[in-house]
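These are my notebook entries on a single chain, written down in the order in which I looked things up. I kept each entry to what I could read off for one element or one residue and its surroundings.

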Amino acid sequence: MHILRANILDNRLLRLIEGALKAGYCEEWTYHPSLSGSPQGGIVSPILSNIYMDRLDKFVEETLIPEYTRGRKRGLNPPYKQKASLAEYYRKKGQLEKAEDLRREMQQYPSQDPKDPEYRRLRYVRYADDFLLGFAGPMTEAKEIKDKITTFLGTELKLTLSAEKTLITHANTDRARFLGYEIGIMNVPDKFDDQRRRVVNGKVGMYIPEDVIQTKRKRYRRDGTPLHRPELLNDSEYDIIVRYQGEYRGLVNYYGLAQNLAWLNYLRYTMETSLLKTLASKNQTSVMQEVKRLNSTTKTSEGPRKCLQLIIPREDKKQKPLVATFGGISLKRCKNPVIQDQVILPYIRMRSEIVERLLNDTCEVCGSKERIEMHHVRKLANLNKKGKREKPLWMKIMISRKRKSIPLCKGCHEDIHHNVPKSKKQGNRRAG
């Protein structure tokens with residue numbers, strides 16, 4: 001509240017926020033007072049958190065970064081400089097083979113001195129209550145930075161660092177976890193550009209953690225094998241494919257900066273197999289039949305990509321058909337991502353097909369819109385009994401939709417109850 005009062009002069013707003021901070025919470029019908037912290041799940045909590053942590057941002061930017069940043073650039077590494085001078089000497093003497101051998105030996109060393117005592121760099125980034133510090137310097141100074149942050153948080157903000165999550169990690173030998181990414185230093189000395197210069201070695205890289213891939217794949221597998229999702233069997237094919245594609249596209253977009261983005265191919269294969277098994281279980285067919293029916297290609301910025309595609313034509317041929325696609329997303333790393341500020345509507349699937357059919361107010365046998373009633377059966381198994389008699393239209397519709405109810409006009413409904421599958425009235429109505 002002291003921080004808010006420094007910039008906000010509206011006492012009504014301040015009293016409202018103070019009341020929310022002191023309101024307490026109810027758990028299992030028992031009231032508990034709020035002794036500290038912002039209300040969990042409150043819409044104002046993220047804003048209050050950022051306002052509170054702004055003091056840490058200023059402390060790091062105004063105190064720590066100037067103190068632990070010095071030097072314009074690292075000096076040359078002595079072994080690298082020595083090999084480079086010898087290579088240049090033999091090249092001028094015309095001994096090109098020896099100069100080339102020295103150049104290859106030279107590239108086994110870093111060009112700059114990694115332990116330059118006159119060079120320090122400190123970088124800082126924060127998201128909500130997670131923050132990451134990148135430091136180029138010795139371990140002793142890294143521990144000093146950690147101790148100073150711990151002291152500042154304890155004295156100024158009354159916060160404590162999590163001992164399990166607050167770690168000092170050497171980027172060359174290990175990777176730090178931050179917002180679902182692993183961050184470390186890339187060591188690929190054998191990758192060169194057109195001018196035979198190293199382009200990757202020693203640079204910071206972001207990676208998808210292996211446990212993240214395995215955790216995401218578990219959702220679509222059982223005992224190590226991709227399986228169908230029975231909770232989606234009552235949804236339409238279009239909705240099932242759209243849901244799978246949304247889950248896959250979200251992961252590809254989030255991990256677009258990762259160096260190992262191609263690892264998502266393992267997840268795509270698992271999700272695709274699960275999707276095909278779900279559709280095959282819904283349609284009572286095989287996976288191979290679903291592959292032949294849906295196999296297609298789609299155009300991307302990186303060229304054509306294989307995918308599964310369902311096309312549903314509309315009654316009005318002038319309108320574009322509904323298209324649901326799974327896959328067809330390029331897994332090429334995006335070096336300069338652009339945030340698209342667009343509103344993505346949440347996926348809400350209400351089990352309201354019966355309501356939609358009632359609102360349509362149409363008999364599904366003859367198409368009449370007069371005196372619509374619902375016909376119910378006790379269980380679908382009664383409709384699937386084998387017999388020599390051909391099944392009537394209403395029964396075929398219920399079997400194909402796997403529904404125990406169907407909207408009918410009064411005439412068709414009475415025909416069913418009087419055991420008349422197809423009457424003259426129905427034939428006249430359809431003909432008319």
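**Entry 1: the β3-β4 hairpin**

I began at the hairpin of β3 and β4, where two residues lie between the strands and Ala-128 takes a positive phi near 60°. I keep in mind throughout that this is a predicted model. The two arms of the hairpin are β3, residues 121-127, and β4, residues 130-136, and I found them paired in the antiparallel sense over seven bridges. To fix the register I looked up Arg-123, whose bridge partner in β4 is Gly-134.

**Entry 2: the chain as a whole**

I then stepped back to the totals, which give 14 helices and 14 strands in the chain. Of its 432 residues, 29% count as buried, and the chain exposes about 30,400 Å², of which carbon and sulfur atoms supply 52%. I also looked at how far along the sequence the contacts reach: among those with a separation of 6 or more, 58% are between residues 24 or more positions apart.

**Entry 3: the sheet β5-β6-β7**

Next I traced an open sheet of three strands, whose order is β5-β6-β7 and whose pairing is antiparallel. At its edges stand β5 (176-178) and β7 (204-207), and because each has a single partner strand, one side of each is left without a neighbour in the sheet. From one strand to the next, the twist averages 30°. For the pairing of β6 (residues 181-185) with β7, I noted four bridges between strands that run antiparallel, and within that pairing Ile-183 has Met-206 in β7 as its bridge partner.

**Entry 4: the sheet β10-β11-β12 and the helix across it**

I followed another open sheet of three strands, with the order β10-β11-β12 and antiparallel pairing. Here β10 (295-300) and β12 (322-327) are at the edges, each with a single partner strand, so one side of each has no neighbour in the sheet. Neighbouring strands of this sheet are turned by 50° against each other on average, with direction ignored. Between β10 and β11 (residues 303-312) I recorded six bridges in the antiparallel sense, and Lys-299 stands opposite Pro-304 in β11. Helix α9 lies across β11 and β12, and its direction is at about 135° to β12.

**Entry 5: α7 against α9**

Since α9 had come up, I asked at what angle α7 and α9 pack, and how far apart their axes are. Helix α7 (residues 210-218) and helix α9 (residues 264-283) pack at an angle of about 5°, with 10 Å between their axes. As angles under 35 degrees count as roughly parallel, that makes α7 roughly parallel to α9. On the α7 side the contact is made by Ile-213, Lys-216 and Arg-217, which meet Leu-264, Tyr-266, Leu-267 and Thr-270 in α9. By character, the residues of this contact divide into four nonpolar, one polar and two charged.

**Entry 6: three single residues**

Is Asn-77 buried or exposed? I located Asn-77 in the loop between α3 (45-67) and α4 (78-92), and with a relative accessible area of 9% it is buried, because the limit for that class is under 20%. Not counting residues up to four places away in sequence, Asn-77 touches Tyr-109, Pro-110, Ser-111, Gln-112 and Asp-113.

In helix α4 I looked up Ala-87, which is buried as well, its relative accessible area being 3%. Leaving aside neighbours within four places in sequence, Ala-87 is in contact with Ala-99, Leu-102 and Arg-103. I also noted that Ala-87 and Glu-100, which are 13 residues apart in sequence, are 7.1 Å apart in space, C-alpha to C-alpha.

My last residue was Lys-335, which has its place in the loop between β12 and α11 (353-360). Lys-335 has a relative accessible area of 65% and is therefore exposed, the class that begins over 50%. Along the chain Lys-335 and Gly-256 are 79 residues apart, while their C-alpha atoms are separated by 8.2 Å.

Technical notes. Residues numbered from 1 in each chain as written. Predicted model: local features only at pLDDT ≥ 70, side-chain atom pairs only at ≥ 80, totals over all residues. Heavy atoms only, no water. Axes fitted to C-alpha atoms, helices over the stretch in contact; angles between N-to-C directions. Parallel < 35°, antiparallel > 145°, perpendicular 65-115°, else oblique. Contact = heavy atoms within 4.5 Å. Nonpolar A, V, L, I, M, F, W, Y, C, P; charged D, E, K, R; others polar. Buried < 20%, exposed > 50% of the residue type's maximum accessible area, 1.4 Å probe, protein only. Areas by Shrake-Rupley, 256 points an atom, 1.4 Å probe, with all protein chains shown as cover. Pairing = 2+ DSSP bridges.
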